[in-house]
Amino acid sequence: MTRPARRDPSRLVDATGFRQNVRQGWGDADRVVRLPEGAARAAADHRARLAAALPGRRIAVASGWAPVRANDSDYAFRPDSDFSWLTGCSAEGTVLVMSDGDAELFLHEPAGPDEPDFFASARDGELWIGPVPGLAEWSEALGLRCRPIDQLASALRGRLPEVFSAHGTDPLLDALANGGNAAELRWTLSELRRIKDDWEVGQLQKAVDATVLGFAEVAAELPTAVKGGGERWLEGTFDRRARTSGNGPGYASIVAAGPHAPVLHWVRNNGVVPEDAVLLLDAGVEVDTLYTADITRTLPISGEYSTAQRQVYDLVARAQVDALAAVRPGNDYRAFHHAAMRVLAEGLDDWGLLPVSVDEALSADGQQHRRYIVCGVGHFLGLDVHDCANSRAEAYHDGPLEAGMALAVEPGLYFHPNDLTVPPELRGIGVRIEDNVVVRDGGVQMLSGALPSAPDELEQWVRAQQR
């Protein structure tokens, strides 16, 4: 019989001398869980809100597993967002079970020196990946009772109370609970997460502040990118800041220079950076608590917009002002979208680019102006860049804005290089302005105000970063 090849052809697990040697002589390892301040308390508050929303149910939510990148290489692990909101725990393969106001975590205990996985598991063994917290350390950090994962079945046994489980995140949980109520659990969690508490807003502000610093570092590197580093150099610049100040980028960064700027999700980031073009930079730092910023600025690479670039930028800037003015508690969620679209449609009409009247274009059956902005102009923001996506329509796009909601507001115009309906001087120009805000009773709390958006100020800011 043919045997598969092994990276290490020796079989240490069968070597008696090695097994006897490796299980002895180990001191204590550092397994302390270092949570950001307030994380455990915030998670407990979030669990209380969920218990109140779904009384009398058993609830099970899993952290999930790192997805496979290729062969035996995985992507970095990042917990399920609902699980993180409820626990603050970053342990892979972990399941939270809530019942009657009580909560328990079921985790994998790290293998000790007397177990083969200690040295033989390249995925989880301590000699391969380093020490990780165990049940005792997580329990102390989170104030939760922690049990071995092999006891999960007993916690979910029986038909009553009814089990609401988040299906599709962990195969073990899926096997033990049928997931028939998964949709209701997910939308309940999404709708609870729409309203950010003060601790969450603080985490978003940290993410935004780190992102602003990353944007400044990208602006400082524009001359290097022009000389040959290209979009890749700028992406790497921002990624370095994201890893230094947080967990990493909150999503695939859009680093779109020149003719790539009109491409809504240009994430290949493999082009050159022309000196006379704009750079549309859409990026966000995800801090260690997994809250992410989502900011866009369209930077003049030379430090000054051309006449055509400034024409487009000024119109988008006016749309941003009107959109932000419509972000008020009690307003329809769609109000800021409609406000921005009217400004854009009127501007396009002034330029002779609308084949119909402004009112017809803005009608539900018209939308001719959307050729130049096929995306929306905002979304919820939080643990996910497009946060609370499992909410029901009446709690999202078809509902009202409420105090405490965090939003990204992002009007833009996108004139593709091969779009023959626009004048040649506008082709290849894409402009987006995206700010992060929290809805407050008096209007908005601007989280990203430290980053200029007015064109004159932004030109000066770009030049200042390169001095």
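Here are some short exercises on this predicted model, each with a worked solution.

Residues are numbered from 1 along each chain as its sequence is written. Because the model is predicted, local features need pLDDT of at least 70 and side-chain atom pairs count only at pLDDT 80 or more, while totals for chains, interfaces and linings use all residues; side-chain values use heavy atoms, leaving out hydrogens and water.

**Exercise 1. Work out the strand order and the edges of the sheet that contains S17 and S18.**

Step 1: Start with the order. Four strands make an open sheet, S13-S14-S17-S18, with antiparallel pairing. Strands are DSSP runs (E, at least two residues), as helices are (H or I, at least four), numbered from the N terminus; two strands pair if DSSP finds at least two bridges between them.

Step 2: Look for the edges. S13 and S18 each have a single partner strand, so one side of each has no neighbour in the sheet.

Step 3: Add the twist, which averages 35° from one strand to the next. For such angles, axes are lines fitted to C-alpha atoms (for helices over the stretch in contact), and values run from 0 to 180 degrees between N-to-C directions.

Step 4: Zoom in on one pair. S17 (residues 435-440) and S18 (residues 443-446) are antiparallel and joined by 4 bridges. They form a hairpin with 2 residues between them, and Val-439 stands opposite Val-444 in S18.

**Exercise 2. Do the analysis again for the open sheet of 3 strands.**

Step 1: The order is S9-S10-S12, and the pairing is antiparallel.

Step 2: S9 (254-257) and S12 (295-300) are the edge strands, each pairing on one side only.

Step 3: Here the twist averages 10° from one strand to the next.

Step 4: Between S9 and S10 (residues 278-283) there are 4 bridges in the antiparallel sense. Ala-256 stands opposite Leu-280 in S10.

**Exercise 3. Decide whether Asn-71 is buried or exposed, and do likewise for Cys-388.**

Step 1: Take the backbone of Asn-71. Its phi is positive, about 55°, although the residue is not a glycine. Asn-71 sits in the loop between S2 (68-70) and S3 (73-74).

Step 2: Apply the cut-offs: buried is under 20% relative accessible area, exposed over 50%, and partly exposed in between (1.4 Å probe, protein chains only). Asn-71 has 74% relative accessibility, so it counts as exposed.

Step 3: Turn to Cys-388. This residue, also other than glycine, has a positive phi near 60°, and its loop runs between S13 (378-380) and S14 (406-409). With 1% relative accessibility, Cys-388 counts as buried.

**Exercise 4. Place Ala-317 in its helix and find how far its C-alpha atom is from that of Pro-455.**

Step 1: Ala-317 belongs to helix H12 (residues 307-325).

Step 2: Its relative accessibility is 18%, so Ala-317 counts as buried.

Step 3: Although 138 residues separate Ala-317 and Pro-455 along the chain, their C-alpha atoms are 8.2 Å apart.

**Exercise 5. Describe the stretch at residues 41-174.**

Step 1: An unreviewed UniProt entry places the feature "domain: Aminopeptidase P N-terminal" at residues 41-174. UniProt positions follow the numbering used here, feature names are shortened, and annotations may be inferred rather than shown by experiment.

Step 2: Over residues 41-174 the chain is 34% helix and 21% strand. The C-alpha atoms at the ends of this stretch are 29 Å apart.
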